[in-house]
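Work through these exercises with the model open beside you. Try each task before reading its solution.

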Amino acid sequence: MGIQPKGERRRAMRVPVRGVAVFTGGVHGPIHGVVENLSQTGALINFPTQFDGGSADFDIELRLAEGDGWVGARAVRREAAAKRWRVAVAFERVDAAMREAIDASIHAALAAARRRPVLVIDDQHERRASLIERLSDRGMTPLAPRTPLEAIDLLTRAQLHVNVCLLAPGFGVPSHDLAAVLSDSFPWVTTTMISDDLDATAHRAVAAWSETPVARLGAAIG
């Protein structure tokens with residue numbers, strides 16, 4: 001792949017994509033980071049420790065929902081953030097398979113920005129059905145898991161970009177306990193409670209969605 005000029009890199013659209021990045025050139029062994037956003041020319045990666053890649057070329061393994069592979073990269077910006085390091089990298093070498101995975105991940109984020117997915121967890125069938133109808137009328141895509149395992153499965157599918165979850169006591173677990181579990185395991189997910197005022201609940205869901213990175217992407221491409 002040819003290296004794009006710096007001006008084209010700056011214009012490349014960065015989209016919120018979750019994934020794992022493994023930097024193998026550190027003196028203390030591999031460093032695992034979390035991909036925050038991605039473009040065809042680079043990525044923003046959150047590392048749990050100071051990143052010592054410098055400005056020289058290095059290799060990073062990217063593990064995305066759409067595929068895994070290696071890219072040659074260089075650090076172009078580093079900043080400390082809440083005991084972690086956010087590092088912007090520019091891709092220098094990308095093989096064809098990794099390019100396809102990157103393109104597919106970007107496409108999935110763009111599709112999610114249009115679908116506006118929201119997870120609905122409620123064991124009251126009639127209320128859940130009415131809430132799903134209200135959310136659909138507001139242009140959202142409600143996902144209603146039937147079991148705890150299905151709920152976790154939906155949240156772990158990075159390509160779905162589920163960033164908002166509506167909770168009511170369900171599956172035998174109090175909603176505040178479930179909210180704590182989601183906060184620990186899926187910190188990017190915003191949770192809000194389901195009440196009997198379904199119009200207000202739907203309004204909170206729309207408001208929560210509007211604050212997510214995927215929603216900001218949707219506004220940018222809208």
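**Exercise 1. The faces of strand 3**

Which residues point one way from strand 3, which point the other way, and are they buried or exposed?

Solution. Keep in mind that this is a predicted model.
Step 1: find strand 3, which covers residues 42-47.
Step 2: sort the side chains by direction. Gly-42, Leu-44 and Asn-46 point one way. Ala-43, Ile-45 and Phe-47 point the other way.
Step 3: check burial on each face. Every residue in both sets is buried. The strand is therefore mostly covered, with six of its six residues under the 20% cut-off for relative accessible area.

**Exercise 2. The partners of strand 3**

Find the strands that are joined to strand 3 by bridges, and give the direction of each pairing.

Solution.
Step 1: take strand 2, residues 31-38. Four bridges join strand 2 to strand 3, and the two run antiparallel. They form a hairpin, with three residues between them.
Step 2: pick out residue pairs. Val-35 has Ile-45 as its bridge partner in strand 3. Leu-38 stands opposite Ala-43.
Step 3: turn to strand 6, residues 84-94. Six bridges join it to strand 3, again antiparallel. Here Leu-44 has Ala-88 as its bridge partner.
Step 4: extend the picture past strand 2. Strand 1 covers residues 15-23. Seven bridges join strand 1 to strand 2, which run antiparallel. One pair is Val-22 with His-32 in strand 2.

**Exercise 3. The largest pocket**

Describe the largest pocket: its volume, its lining and the elements that supply it.

Solution.
Step 1: volume. The largest pocket holds about 600 Å³ of space.
Step 2: lining. There are 25 lining residues. Nearest the centre lie Arg-18, Val-34, Val-35, Glu-36 and Trp-188.
Step 3: elements. Strand 1, strand 2, helix 4 (148-156) and helix 7 (213-221) each supply at least two lining residues. Strand 1 gives the largest share, five residues.
Step 4: chemistry. The lining divides into twelve nonpolar, eight polar and five charged residues.

**Exercise 4. The enclosed cavity**

How many cavities of 30 Å³ or more are there, and which residues line the largest?

Solution.
Step 1: count. There is one cavity of 30 Å³ or more. The largest cavity holds about 50 Å³ of space.
Step 2: name the lining. The residues are Val-17, Arg-18, Leu-64, Ala-65, Glu-66, Ser-105, Ala-108, Ala-158, Gln-159 and His-161.
Step 3: trace elements. Strand 1 and helix 2 (96-115) each supply at least two of the lining residues.
Step 4: sort by class. Five are nonpolar, three polar and two charged.
Step 5: link to the previous exercise. Arg-18 is part of the cavity lining, and Arg-18 is also among the residues nearest the centre of the largest pocket.

**Exercise 5. Positive phi in two loops**

Where do Arg-116 and His-161 lie in the chain?

Solution.
Step 1: Arg-116 sits in the loop between helix 2 and strand 7 (117-121). Its phi is positive, about 55°, although it is not a glycine.
Step 2: His-161 is in the loop between helix 4 and strand 9 (164-167). His-161 has a positive phi of about 55° and is not a glycine either.
Step 3: check the burial of His-161. It counts as buried because its relative accessibility is 3%. His-161 also lines the largest cavity.

**Exercise 6. The surroundings of Thr-192**

Why does Thr-192 count as buried, and which residues is it in contact with beyond four places in sequence?

Solution.
Step 1: place Thr-192 in strand 10, residues 190-193.
Step 2: Thr-192 counts as buried because its relative accessibility is 13%, under the 20% cut-off.
Step 3: beyond its sequence neighbours, Thr-192 is in contact with Cys-165, Leu-166, Leu-167 and Arg-204.
Step 4: compare sequence and space for one contact. Leu-167 is 25 residues from Thr-192 in sequence, with 6.2 Å between their C-alpha atoms.

**Exercise 7. Confidence**

Where does pLDDT stay under 50?

Solution.
Step 1: start with the whole protein. Mean pLDDT is 82, and 83% of residues reach 70 or more.
Step 2: find the weak stretch. Over residues 1-11, pLDDT stays under 50. The model has 13 contacts beyond four places in sequence for this stretch.

Note on methods: Residues numbered from 1 in each chain as written. Predicted model: local features only at pLDDT ≥ 70, side-chain atom pairs only at ≥ 80, totals over all residues. Heavy atoms only, no water. pLDDT = per-residue confidence, 0-100. Contact = heavy atoms within 4.5 Å. 1 Å grid on protein atoms, 1.4 Å probe; cavity = no way out; pocket = protein on both sides within 12 Å on 5 of 7 lines; lining within 4 Å. Points joined across faces, edges and corners; volume = space filled by probe spheres on them. Nonpolar A, V, L, I, M, F, W, Y, C, P; charged D, E, K, R; others polar. Buried < 20%, exposed > 50% of the residue type's maximum accessible area, 1.4 Å probe, protein only. Pairing = 2+ DSSP bridges.
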